[in-house]
Amino acid sequence: MIGYVARRLVDLVFVLLGVSVLVFLMVRFIPGDAVEIMLGANTDITPDRVAALRHGLGLDLPIHVQYWNWLTGVLHGDLGTSIWTGRPVADEILARAPATLEITLLALALALVLALPLGVVSARARGSAGDLVVRLLSIVGLTLPTFWVGVLMLLVFSLYLPGWPAIGYVPFATQPLGNLARMALPVVAVSLPMIAGLTRILRSSLLEVLGSDYVRTARSKGLAERPVLYKHALRNALIPVVTVIGVQLGYLLSGVVVIEQVFAIPGIGRLIIGAINQRNYPLIQGIVLVITAVFVVVNLLVDLAYAWIDPRVEYE
Amino acid sequence: MRTRIGLALVTLVAAFSLAYAQKGTLEVAVDQAPVGLDPDIVTAFSSFAVVNEIYEGLVGVNAQLQIEPALATSWTVSPDGLSYTFELRQGVKFHNGREMTSADVVYSFDRIMDPKTGSPQASRFNEVAKAEATGPYQVTFTLKEPFAPFLSNLTNLFVVPKEVVEANGDLQKVAVGTGPFELDQVVPDTYVLLKANPDYYRPGEPKLAAIKFNVVPEASTRAAGLRTGTYQLLPTVDPVTAETLKKTSGVTVLGTQDLAYSLLGLNTSRKPFDDPRVREAINYAVDRSEIVQAVYLGNAVPGGPISPALKDWAVPTSDFPCYTPSVAKAKQLLADAGYPNGFSTTIITFGTIKEVADTAQVLQAQLARVGIDAKVDVEEFGKFVQDWKNSNFDMFVSLNGGSVDPDGYLYRTFITGGSTNVFKFSDPSVDQLLKQGRTTPDTAQRQAIYDNLQKQLACTGPIVHIAYGTLFTALRDNVQGFQQMPTRGLTYLRETSLP
Amino acid sequence: MANVGRFFVRLRHNRVGLLGFVLATLVLGAALLGPWLTQVDPLRQNVLARFQGPSLGHLLGTDNFGRDTLARILYGYRTSIAVSFGAVALSTLLGSTIGLLAAYLGGWIDRLLMRLMDVLLAFPIILLAIAVLAVLGPGGTNTALAIGVVYTPIFARLARGPALTVLSWDYVAAARAVGASGGRIVLRHVLPNILAPILVQTTLSLSTAILVEASLSFLGLGTQPPTPSLGLMLSQSRDYMLISPWVSIFSGLAILLASLGFNLFGDGMRDLLDPTLRGRDV
């Protein structure tokens, strides 16, 4: 086990290194130049001035030197400085992280709370009308684009519940109720596909477990249906659910990027869309690196938890 | 205990210095966060919306587009038109408490002209030889030659305090002006909060205690926010949203003729657009009233090189023969130019302004009728600006900002080598008229020159002018005293109040 | 061929899978036959006839430029299906090849390839797609490429796992030992055994690709106007929901139909092709 963890950690370092190279190259290949875009429609500026600005940002250095400078900075805990605001990239990210984190965690919680009963009901009543409804609804949930659900909910609320504070963001610390009221719609919109996805996974994995030998044995020993379901089957059926949560988090984040745009929430999604439009190289690099790092670590933890829950798993 | 007394004293003093009550925070929703706040550097409209509340010039523009006194109370022009002397208002204070004097005006002018600043305003003042403090409250500008648009260009000379510039390098992140509101807080991508300037010189203004510019990228979200009362003012509303908001109770939609215009730009350094007959053919192919209906839902007027809002200057479009669409004439002209079967080309445009991208789509369909096969490339805005600047296009569709003086519309855009002449257009007779137009002081003579120019440029110029939209502003009924400006400026926020 | 025939016989007894098959066929039919099903040009504008509800002249109404919504949906299916098929074909081919190579060659090549896949997988999909499109520029083909790149590691992982298992089987190991060529082993023994999970994942990916295309269009990076694509129609019609909701409703339903079809068909295929796969949703 310790050897496995060590090898995974080494791999993790290489993955992050790969990500850093990839991001750095991609950002440079985006057509458009940070300085030109910063100057906007200003046609009166002299070429000297443009060159000076570029030099000040270190953009006139050879690309491998730029990468090396950035990498050494990152290794010393310095993600660089945002070109437009002049603030450290780390500060920019930290300032936006709470909103994104809150939506993501609330959506995850909501999805788990709803998907568990739905999946159990659907699996227990396999083939019934209720099962069919749950299955169809779960596909509908996977089908509706998040932005469309968000716009529609906002429209409906503004027409029929005009008192509801649906737009924008206030920190939980300053206005707990206002924060939760504003989070409600985006969280529902973002979690719909995840609810649907988890329900489907739980249903099929429960069916598989319920059909397995040891459940049949438990039943034949005369155990009542409920304990069989909740003590044995559900626990085992949850394992695949846990393993996909890491992957699902990635999908969830996609929804969050879009929904922040709809509900005017100042999160990481808005930050990166703005950074790309501005060709704010250090900011794009920083955000992608941090998000992928979080993502990779979460997936590693999930894998380790999986190995720990289910000792039968072999470490490749 | 001492601090509490101190606080109480401060409150007391503040209460006495205000002869009236400033109250309420106006919640404004804008589509973009300001990109920097330095009035001499920024180009984005999102920045100017905020900067205009914080800084002022010697003169300003009112809703009727007339020049009116601001930091200067009066001015005199020498008989030869070469020297302008301004008397400054006395006792005006910057937000940092220091009094504004003639030295600040001269400093602000020199800062714009300094190439190190890289100010986009500099080209507006190329005709100015120097600015001098001729007294503590008097400034004299000396021109190289008579320059008719000088006063209207002067509205872009914002007075900034030297010590703040020097302490911060520039004014992108700090803001200290003389305007009705001062900068309180900037939360990136979330909001910019301005609070009332308690020492503002206009009596009884500003009436609001604060203005919050909320950044809301989605149009439908801004509209929903106005309907629910989360926001009280949307400064620019697209025509589709305006139509739906007009039917909403508790919401008023204001409309005025925009100075900005949508256009189809042609690269005259590339074939076939170097041929004036092709440019004229395109004008005949374009059905402007159809675009007004399709894109603006009827809320726009077809226009020529100058906005119909400038009533003293604009030539009616009925004087431009090519504004009567005719597929036959267009095809004839194309055939004359050697393109009997039309040609293939590309239109670049961008998606951030809906009317612009929509106009490109309708234009594409109209050009197809005369055999011009145009591919529409909707570019990301930053890329579009670069292609535009570098004349890297066949055709483009965009929105051009306007001006209160005809020179602002025409000079930079059509003069050979002009800073926004991205079309590489060059016509000696146009150049000559443009120079005459700005150096002729007499208004009647100027009008004749610009009438001539408009007729020359409308059908065979490098720009196919499309339409001047109605500028919509939507506000809650409880917002009082706001007036819309054709310039898109939010000058009247200083007179706006909440109950 | 006999296998295919048996598959369809069994599909007849799987109601959900059958429904999915019918829907998917309808959607594919619409995409392939679109130009023959309607005489109306999806780009033809008629401003005077805009914002119409369903009528005999325009069965599904018209949009803000007075274009026929039915024609646009039929042509929109073409674009959306082309983008999603292109993306999934690219990722299936590329991903399975990488996965098979990694499994067969093993050792440091395996580790290198799979860590490369991990690098791609480490990106949240939307960020990777946005980044690829930012480099390539927006548009239909590039959207397919971007989504294809994003989905590649999923297929690589999916192919490698079962391939490793098959390669460890005794008779395959024996074939290897007696010197059967690598290509032969992979084609004869490995590929048939890993086809089922890949096919299932392919159908499921088809429906999610349509959605990713829609989200990218919403962000202005996907298919570009005036080309009709379902995602673009849904995204652009949101501005007109209060004036005329028809385009929004019908393009939403069209996406739902396609997604439902591919999903249910995928479910059915999973049930039939490989019972052991149940519960291994990716």
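How many residues does the hairpin that joins β6(B) to β7(B) run through? I looked, and the hairpin goes through 2 residues. A reminder to myself before going on: this is a predicted model.

**Entry 1: the strands around that hairpin**

I stayed with β6(B) and β7(B) for a bit. They run antiparallel, and I noted 6 bridges joining them. To see one pair of opposite residues, I picked B:Val128, which stands opposite B:Leu143 in β7(B).

Then I stepped back to the whole sheet. This is an open sheet of 4 strands in chain B, in the order β4-β5-β7-β6, and the pairing is antiparallel. Which strands sit at the edges? I found β4 (72-77) and β6 (128-135) of chain B there, each pairing on one side only. On average, neighbouring strands of this sheet are turned by 20 degrees against each other, direction ignored.

At the other end of the order I checked β4(B) with β5 (residues 83-88) of chain B, and they pair in the antiparallel sense over 5 bridges. I also looked up B:Ser74, and its bridge partner in β5(B) is B:Glu87. Something packs on this sheet too: helix α3 (residues 102-113) of chain B, which touches β5, β6 and β7 (138-143) of chain B. The direction of helix α3 makes about 165 degrees with that of β6(B). A note from my textbook to keep beside this: strands of a sheet pair through backbone hydrogen bonds, either parallel or antiparallel.

**Entry 2: domains of chain B**

Next I wanted the domains. The domain assignment splits chain B into domain 1 (22-34 + 172-258 + 471-495), domain 2 (56-168) and domain 3 (261-470). How far apart are the C-alpha centres of domain 2 and domain 3 of chain B? I got 33 Å. The two domains do touch, with 10 residues of domain 2 of chain B in contact with 12 residues of domain 3 of chain B. On the domain 2 side I sorted the residues into 6 nonpolar, 3 polar and 1 charged.

**Entry 3: chain C by itself**

How many helices and strands does chain C have? I found 10 helices and 0 strands. Its C-alpha atoms fill a box of roughly 75 × 45 × 30 Å along the principal axes. Chain C has 282 residues, and 54% of them count as buried. I also looked at contacts in chain C with a separation of 6 or more: 69% of them come from residues 24 or more positions apart.

**Entry 4: where chain C meets its partners**

I started with chain B, where 16 residues are in contact with 14 residues of chain C. The chain C side has 9 nonpolar, 3 polar and 2 charged residues.

Then I went to chain A. The contact between chains A and C takes 41 residues from chain A and 34 residues from chain C. Several helices of chain A each supply at least two residues of this side, including α1 (2-29), α10 (225-263) and α12 (281-309). By class, the chain A side divides into 31 nonpolar, 7 polar and 3 charged residues.

**Entry 5: the core**

Which residues have the most contacts inside the largest nonpolar core? They are A:Ile287, C:Leu128 and C:Ala129, in a core of 305 residues. Helix α8 (residues 176-210) of chain A gives the most to this core, with 15 residues. I finished on A:Ile287: leaving out residues up to four places away in sequence, it touches A:Ile93, A:Ile268, A:Leu271, A:Ile272 and A:Ala275.

Definitions and conventions: Residues are numbered from 1 along each chain as its sequence is written. Chains are lettered from A and ligands numbered from 1 in the order in which they are written. This is a predicted model: local features need pLDDT of at least 70, side-chain atom pairs count only at pLDDT 80 or more; totals for chains, interfaces and linings use all residues. Two strands pair if DSSP finds at least two bridges between them. Axes are lines fitted to C-alpha atoms, for helices over the stretch in contact, and angles run from 0 to 180 degrees between N-to-C directions. Two residues are in contact if their C-beta atoms, placed from the backbone, lie within 7 Å. Ala, Val, Leu, Ile, Met, Phe, Trp, Tyr, Cys and Pro count as nonpolar, Asp, Glu, Lys and Arg as charged, and the others, Gly among them, as polar. A nonpolar core is a set of buried Ala, Val, Leu, Ile, Met, Phe, Trp, Tyr and Cys residues joined through C-beta atoms within 7 Å. A residue is buried if 20 or more other C-beta atoms lie within 10 Å of its own, exposed if 12 or fewer, and partly exposed in between; C-beta atoms are placed from the backbone. Domain bounds come from an automatic or database domain assignment.
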